[in-house]
Amino acid sequence: MPIVAKQKVIVLDGHCEIDAAEELEQWLVSHPKGQVNAKKLVSAHTAVLQVLIYHRPAFSVWPEAGNWQWLRQAMTNGREA
């Protein structure tokens, strides 16, 4: 399962397809101080990435695999890191 929503953290795992964007959006709206654990995230549909960039949630763990530095920069652009 690509998304597992918990009380304070939402876990993104594996390949998050477009249908994960709506669930992520709803969770971030209802948990504005919630964090994202993306330790095992491999890839994400652009809709998922847009939700992350729009909401700019805190990440408890960034993805281990791949180069996700661009996402971190996009999320911190315009505010202090």
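This passage describes the fold, the surface, the charged side chains and one backbone feature of a predicted model of a single protein chain.

The protein chain contains 3 helices and 4 strands, and when these elements are read along the sequence they follow the pattern β-β-α-β-α-β-α. The C-alpha atoms occupy a box of roughly 30 × 25 × 20 Å, taken along the principal axes. For 81 residues, a compact globule would be expected to have a radius of gyration near 12 Å, and the 11 Å computed for the protein chain therefore agrees with that expectation. Among the contacts in the protein chain with a separation of 6 or more, 50% are made by residues that stand 24 or more positions apart in the sequence.

With regard to the surface, 35% of the 81 residues in the protein chain are buried. The area that the protein chain exposes comes to about 5200 Å², of which carbon and sulfur atoms supply 51%.

The charged side chains of the protein chain comprise 8 positive and 8 negative groups, and the centres of these two sets lie 11 Å apart. The count of salt bridges comes to 1, and this salt bridge is formed between the side chains of Glu64 and Lys39, with a distance of 3.8 Å from N to O. The pair links distant parts of the chain, since Glu64 lies in the loop between strand E4 (58-61) and helix H3 (69-76), whereas Lys39 belongs to strand E3 (residues 35-44), and the two residues are 25 residues apart. Glu64 counts as exposed because its relative accessibility is 57%, which is over the 50% that marks an exposed residue. Lys39, by contrast, has a relative accessibility of 36% and therefore counts as partly exposed, as this value falls in between the limits of 20% and 50%.

A further feature concerns the backbone at Arg56, a residue found in the loop between helix H2 (46-55) and E4. Most residues other than glycine have a negative phi. Arg56 has a positive phi of about 50 degrees, although it is not a glycine. The relative accessible area of Arg56 is 27%, so this residue is partly exposed; a buried residue would need a value under 20%.

Note on methods
Residues are numbered from 1 along each chain as its sequence is written. This is a predicted model: local features need pLDDT of at least 70, side-chain atom pairs count only at pLDDT 80 or more; totals for chains, interfaces and linings use all residues. Side-chain values use heavy atoms; hydrogens and water are left out. The radius of gyration is taken over C-alpha atoms; the globule rule is 2.2 Å times the number of residues to the power 0.38. Buried means under 20% relative accessible area, exposed over 50%, partly exposed in between (1.4 Å probe, protein chains only). Contact means heavy atoms within 4.5 Å. Accessible areas come from the Shrake-Rupley method with a 1.4 Å probe; for residues, only the protein chains shown count as cover. Lys and Arg count as positive and Asp and Glu as negative; His and the chain ends are not counted. The place of a charge is taken as NZ of Lys, CZ of Arg, CG of Asp or CD of Glu. A salt bridge is a side-chain nitrogen of Lys or Arg within 4 Å of a carboxyl oxygen of Asp or Glu.
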